[in-house]
Amino acid sequence: MAVIEIEGLKKEYRRLRGGSTIAVDGLDLAVPEGGVFGFLGPNGAGKTTTVRCLLGLISPTSGITRLLGVDTQTDIEKVINRVGSIVETPSLFPGFSGRKNLELLGALQGISRARVAETLAQVGLADRADHRVKTYSLGMRQRLGIGAALLKDPEVLILDEPANGLDPAGIKEIRELLRALGKEGRTVFVSSHILSEVRQMCDHVAILARGQLIVSGAVEDVLHERSGGGFVVKLSELDRGLQVLQGAGMEAAIDGGAISVKLPADRASSITETLADQGLYLSELRPLEADLETVFLELTQDPAAPLPTEDEPTETPSAGTNA
């Protein structure tokens, strides 16, 4: 089941100095139920515009956006209580405690203080709940913002750049929290440009560039498909192993402390058999896999076509939106 569906989404902004910018250009995307989905792209790729269209905060030029099967451009109110979101910086009162912030927000939505306490524990802030937000680290403030989005106990959580501006400790906090939320069965949709975090945090990924979808799928599948096929071979006698594999007609080369061998996935056994026939035994054999940074740069870099920007639109939704 696709929890988020985007079909032919296009958003064109008129610029204040004349002309226009296409921020999203014919985007199609389907996000499966459960786990953490990474919406990855460089700054200006159209991620935030897509999220705003999806949440009904702005109207697309054309196309369809659905959440839980509902058209969010016409009927967002039908599913709003099943969706939590943060777009840009969470809106918090620094002079109030974390608990007071969530209680004020909860009161507007008819949410009990008991649920507020549960949420504070869920985001790891139970011990600091009664401290003023201005004493919180950036990571703690971001977790409190995620807590605000979790008050309704939503099925879907949509977060726009939740680790943006955080130090390594804060990024780790957010990563662990979102992984835990995904394991609970929620669908966590995270837009990001931090490649290392997407690799560690997400089950599925979509890569966006210049407002268009470049690739989408399970993280491991995306990496494997871009690796070019092959295996990493480790054994004690690298030089001799290389000679044996090359002598058998395999395309092989030493890469660091291992041998890389280009072969189709169904021919892994031929590597072990070839080496074993010469009295050489493996300590490791695994598929050759591209790293996410390499894949990302290959798919998104085009020096001839500068990325669009999302500044200067004539319609600007308010920042710091929590839903």
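**Sheets and helices of the predicted model**

Q: At about what angle to β11 does helix α9 run?
A: Helix α9 (residues 268–277) lies across β11, β13 and β14. The model is predicted: local features need pLDDT of at least 70, side-chain atom pairs count only at pLDDT 80 or more, and totals for chains, interfaces and linings use all residues. Residues are numbered from 1 along each chain as its sequence is written, and side-chain values use heavy atoms, leaving out hydrogens and water. With axes fitted to C-alpha atoms (for helices over the stretch in contact) and angles from 0 to 180 degrees between N-to-C directions, helix α9 makes with β11 an angle of about 25 degrees.

Q: Which strands stand at the edges of the sheet ordered β12-β13-β11-β14?
A: This open sheet has four strands with antiparallel pairing, where two strands pair if DSSP finds at least two bridges between them. Two of its strands have a single partner strand each, so one side of each is left without a neighbour in the sheet. The twist averages 25 degrees from one strand to the next. The edge strands are β12 (251–255) and β14 (284–287).

Q: Which strands does helix α8 touch?
A: Helix α8 (residues 238–247) packs on the sheet, and its direction makes about 165 degrees with that of β12. Contact means heavy atoms within 4.5 Å. The strands touched are β12 and β13 (258–262).

Q: Which residue of β14 stands opposite Val 233?
A: Strand β11 (residues 231–234) pairs with β14 in the antiparallel sense over four bridges. Opposite Val 233, β14 places Leu 285.

Q: Over how many bridges do β1 and β2 pair?
A: A further open sheet has four antiparallel strands in the order β2-β1-β4-β5. Its edge strands, β2 (20–32) and β5 (70–71), each pair on one side only. Ile 4 stands opposite Val 31 in β2. The antiparallel pairing of β1 (residues 2–14) with β2 extends over 10 bridges.

Q: Across which strands does helix α1 lie?
A: Helix α1 (residues 47–54) runs at about 115 degrees to β1. The strands it lies across are β1, β2 and β4 (62–67).

Q: What percentage of the residues in the protein chain is buried?
A: The protein chain holds 10 helices and 15 strands, these being DSSP runs numbered from the N terminus (helices H or I, at least four residues; strands E, at least two). Of contacts with a separation of 6 or more, 70% join residues 24 or more positions apart. Buried means under 20% relative accessible area, exposed over 50% and partly exposed in between, with a 1.4 Å probe and protein chains only. Of the 323 residues, the buried share is 48%.
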